[in-house]
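Please open the structure in a viewer and keep the selection tool at hand. The tour proceeds by stops, each beginning with a selection.

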Amino acid sequence: AAIVIKLTLVGIDPLPFLTYRFLISSLLAVIFFISVKKAFLGFKSNLLAIALYGFLSTTFSLGALFFGLEQTTVLNLSLITLSLPLLTAWGGVHFLGEHITKREKLGTTIALAGALFTVIQPILDGGGAFGSFSGNLFIFFYLVGDVASSILLKKFLRKDISPSSLTHISFVIGFLTILPITLISYSPAQIISSVTNLSLPYHLGILYMAIFSGTIAYTIRAKGQKTIEIQEGGLFGYTTSLFSAPLAVFLLGEKVTPTFIIGGLIILTG
């Protein structure tokens, strides 16, 4: 997904990109809610919490991810997100009553220090090709939002609320909350023009993010999270870098810097 986002952002700004993406996912959601009986089962008693989950998992998290990738590298993203499983484990302990050992707490602290070192790297180096401080900070906000939404998701799944329903409603909430922000930043004519003037590869990138990396991926994730602890699910976050880092080098031509290696070694130690 990071590679597709980075390539597609060449042709369209983050806010119109997200609005277009969430619109497609929302149309899929409407079809789902019309066709599935009892799709809203459990929503009424958890309405505000579900609205918060939808905002955190889409507008907040994905917004931060897109603005971050606009300003920093995929290599940087892959390194900072190595701390995601550890942040998820911490969240599972403090909000879901899951267990973590003293050794795991130490490892989490060290790995988080490595991630923060990576975030502030542009300040230490005075800028450069590795990305900007604000871009790195957006990526870190993305992780915080993702962990928070994962905790809420687990709470809903424990109440037997449908994983598919939660996924679809989150993208509807995403569209409804991102649209006013986009309309403040762009005129309707500018938004329409930015979409209609896109060439086919950029449309395909947005469709991929909306359907495959959006509705399908989030539904599968929610279904999987239903049967395991949140920190067990978080461990799969390590696989992100296995795919994104090599692709960033070979497809985007990004460079591995000494600071990148130092940050990676700190996180690896954790």
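The stops below cover helix crossings, salt bridges, selected loop residues and a surface patch. Please note that the model is predicted.

**Stop 1: helix α2 and its partners**

Begin by selecting residues 14-35, which form helix α2, together with residues 200-225, which form helix α11. The two axes come within 9 Å and cross at roughly 50°. That angle makes α2 oblique to α11. The crossing of this pair, α2 and α11, is right-handed.

Keep α2 selected and add helix α3, residues 47-71. Here the axes of α2 and α3 come within 10 Å, and the crossing angle is roughly 140°. An angle counts as roughly antiparallel only when over 145 degrees, and α2 and α3 are therefore oblique to each other. As α2 passes α3, the crossing is right-handed.

**Stop 2: the loop between α2 and α3**

Next, select lysine 38, which is found in the loop between α2 and α3. Its phi is near 60°, a positive value in a residue other than glycine. Lysine 38 is exposed, because its relative accessible area is 71% and exposed means over 50%.

**Stop 3: a buried loop residue**

Move to threonine 81, in the loop between α4 (74-80) and α5 (84-96). Is this threonine 81 buried or exposed? At 4% relative accessibility, threonine 81 counts as buried. Now add isoleucine 161 to the selection: the C-alpha atoms of threonine 81 and isoleucine 161 are 28 Å apart in space, and the two residues are 80 apart in sequence.

**Stop 4: the salt bridges**

How many salt bridges does a search of the whole structure find? The search finds 2.

For one of them, select aspartate 146 and arginine 221, whose closest N and O atoms are 3.1 Å apart. This pair links distant parts of the chain, with aspartate 146 in helix α8 and arginine 221 in helix α11, 75 residues apart. Aspartate 146 is buried, with a relative accessible area of 8%, whereas arginine 221 counts as partly exposed at 35%.

For another, select aspartate 160 and lysine 226, whose side chains meet in a salt bridge at 3.3 Å, N to O. Aspartate 160 lies in the loop between α8 and α9, and lysine 226 in the loop between α11 and α12 (230-234); the two are 66 residues apart. At 35% relative accessibility, lysine 226 counts as partly exposed. Aspartate 160 is exposed, with a relative accessible area of 59%. While aspartate 160 is selected, inspect its backbone: phi is positive, about 65°, although the residue is not a glycine.

**Stop 5: helix α6 and helix α14**

Select helix α6, residues 102-119, together with α14. Their axes come within 6 Å and cross at roughly 165°. That makes α6 roughly antiparallel to α14. The crossing in which α6 passes α14 is left-handed.

**Stop 6: the nonpolar surface patch**

Finally, select Leu242, Phe243, Leu247, Val249, Phe250, Leu251, Val256, Ile261, Leu265 and Leu268, which make a nonpolar surface patch of about 1,100 Å². Which helix gives the most to this nonpolar patch? Helix α13 does, with 6 residues. Both α13 (238-252) and α14 (258-269) supply at least two residues each. To finish, single out leucine 251, placed in helix α13. Leucine 251 is exposed, with a relative accessible area of 54%.

Definitions and conventions: Residues are numbered from 1 along each chain as its sequence is written. This is a predicted model: local features need pLDDT of at least 70, side-chain atom pairs count only at pLDDT 80 or more; totals for chains, interfaces and linings use all residues. Side-chain values use heavy atoms; hydrogens and water are left out. Patches are made of residues with over 30% relative accessible area and no salt bridge: like charges are joined within 9 Å, nonpolar side chains (Val, Leu, Ile, Met, Phe, Trp, Tyr) within 5 Å. Accessible areas come from the Shrake-Rupley method with a 1.4 Å probe; for residues, only the protein chains shown count as cover. A salt bridge is a side-chain nitrogen of Lys or Arg within 4 Å of a carboxyl oxygen of Asp or Glu. Helices (H or I, at least four residues) and strands (E, at least two) are DSSP runs, numbered from the N terminus. Buried means under 20% relative accessible area, exposed over 50%, partly exposed in between (1.4 Å probe, protein chains only). Axes are lines fitted to C-alpha atoms, for helices over the stretch in contact, and angles run from 0 to 180 degrees between N-to-C directions. Angles under 35 degrees count as roughly parallel, over 145 as roughly antiparallel, 65 to 115 as roughly perpendicular and the rest as oblique. A crossing is left-handed if the near helix is turned anticlockwise from the far one by less than a right angle, and right-handed if clockwise.
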